[in-house]
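Reader: I have a structure open and want to go through it step by step. Where should we begin?

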Amino acid sequence: MTWKIAIGSVDGININQHFGRCDRFLIYRMEPEGSYSIIEDRSYDRQAEAAGHDTHSLQNTAALLADCSIVLVSHIGPGARALLYEQGIQAMAVEAPIEQAMERLVHFLRSGRGAILQ
């Protein structure tokens with residue numbers, strides 16, 4: 001099974017965005033054997049929405065990531081986590097360089113603990 005992983009990053013190097021404020025997600029594809037590559041850079045225009053942390057904004061962000069299996073961000077609140085979970089998306093809070101986090105994710109999925117993601 002291949003996974004799409006959405007990563008919240010300002011600089012394209014580190015996972016350093018809070019889900020509720022993230023306006024850019026790097027989309028990676030991870031193959032079953034553990035190889036991965038970036039396939040897309042998705043932007044979300046938060047300026048077009050009302051300021052704040054409202055449910056509508058979180059729903060729009062979740063819809064943007066509907067084809068992803070996993071979201072890696074530096075912080076995520078329980079409401080946003082639940083919203084993603086309802087859509088079959090696993091959210092993880094991680095503050096690390098993207099490459100390091102992806103290697104950890106490969107290890108996690110191979111260990112069998114990631115079975116819920118399959």
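Author: Start with a cut-off: a residue counts as buried under 20% relative accessible area, and as exposed over 50%. Keep in mind that this is a predicted model.

Reader: Is alanine 101 buried or exposed?
Author: Alanine 101 sits in helix H3. The limit for a buried residue is under 20% relative accessible area. Alanine 101 has 5% relative accessibility, so the residue counts as buried.

Reader: Which residues does alanine 101 touch, not counting those up to four places away in sequence?
Author: Contact here means heavy atoms within 4.5 Å. With residues up to four places away in sequence not counted, alanine 101 touches Ile15, Leu72, Val94 and Ala96.

Reader: How far apart are the end C-alpha atoms of H3, and what span should its residues give?
Author: H3 covers residues 98-110, which makes 13 residues. The expected span takes 1.5 Å times one less than the number of residues. That gives 18 Å, and the end C-alpha atoms agree, at 18 Å apart.

Reader: Why do the buried residues of H3 lie on the same side?
Author: The buried residues are Ile98, Ala101, Met102, Leu105, Val106 and Leu109. An α-helix has 3.6 residues a turn, so residues three or four places apart point the same way. The buried set lies on the same side of H3 because its arc around the axis is only 145 degrees.

Reader: Which residues are exposed on the other side of H3?
Author: Exposed requires over 50% relative accessible area. On that other side, the exposed residues are His107 and Arg110.

Reader: In what order do the five strands of the sheet run?
Author: The sheet is open and its pairing is mixed. E2 and E3 are antiparallel, with seven bridges. E1 and E4 run parallel, joined by three bridges, and E4 and E5 are also parallel, over four bridges. The order is E3-E2-E1-E4-E5.

Reader: Which strands stand at the edges?
Author: An edge strand here has a single partner, so one of its sides is left without a neighbour in the sheet. The strands at the edges are E3 and E5.

Reader: What angle does the direction of H3 make with that of E2?
Author: H3 packs on the sheet and touches E1, E2, E3, E4 and E5. Those strands are also among what covers the buried residues of H3. The angle between the directions of H3 and E2 is about 40 degrees.

Reader: Which residues of E4 are buried on its two sides?
Author: In a regular strand the side chains alternate between the two faces of the sheet. Both faces of E4 are covered. Ile70 and Leu72 are buried on one side, and on the other Val71 and Val73.

Reader: Which residue in E4 stands opposite isoleucine 7?
Author: The pairing concerned is that of E1 with E4, which run parallel. Opposite isoleucine 7 stands leucine 72.

Reader: What is the relative accessible area of glutamate 40?
Author: Glutamate 40 lies in strand E3. Leaving aside neighbours within four places in sequence, its contacts are Phe25, Leu26 and Ile27. Glutamate 40 is partly exposed, and its relative accessible area is 33%.

Reader: Is the aromatic pair of phenylalanine 19 and phenylalanine 25 stacked, edge-to-face or tilted?
Author: Both phenylalanine 19 and phenylalanine 25 are buried. Their ring centres are 6.1 Å apart, with 55 degrees between the planes. Planes under 30 degrees apart count as stacked and over 60 as edge-to-face. The pair is therefore neither of these by that rule; it is tilted.

Definitions and conventions. Residues numbered from 1 in each chain as written. Predicted model: local features only at pLDDT ≥ 70, side-chain atom pairs only at ≥ 80, totals over all residues. Heavy atoms only, no water. Phe/Tyr/Trp six-rings, centres within 6.5 Å; stacked < 30°, edge-to-face > 60°. Buried < 20%, exposed > 50% of the residue type's maximum accessible area, 1.4 Å probe, protein only. Arc of directions from axis to C-beta. Pairing = 2+ DSSP bridges. Axes fitted to C-alpha atoms, helices over the stretch in contact; angles between N-to-C directions.
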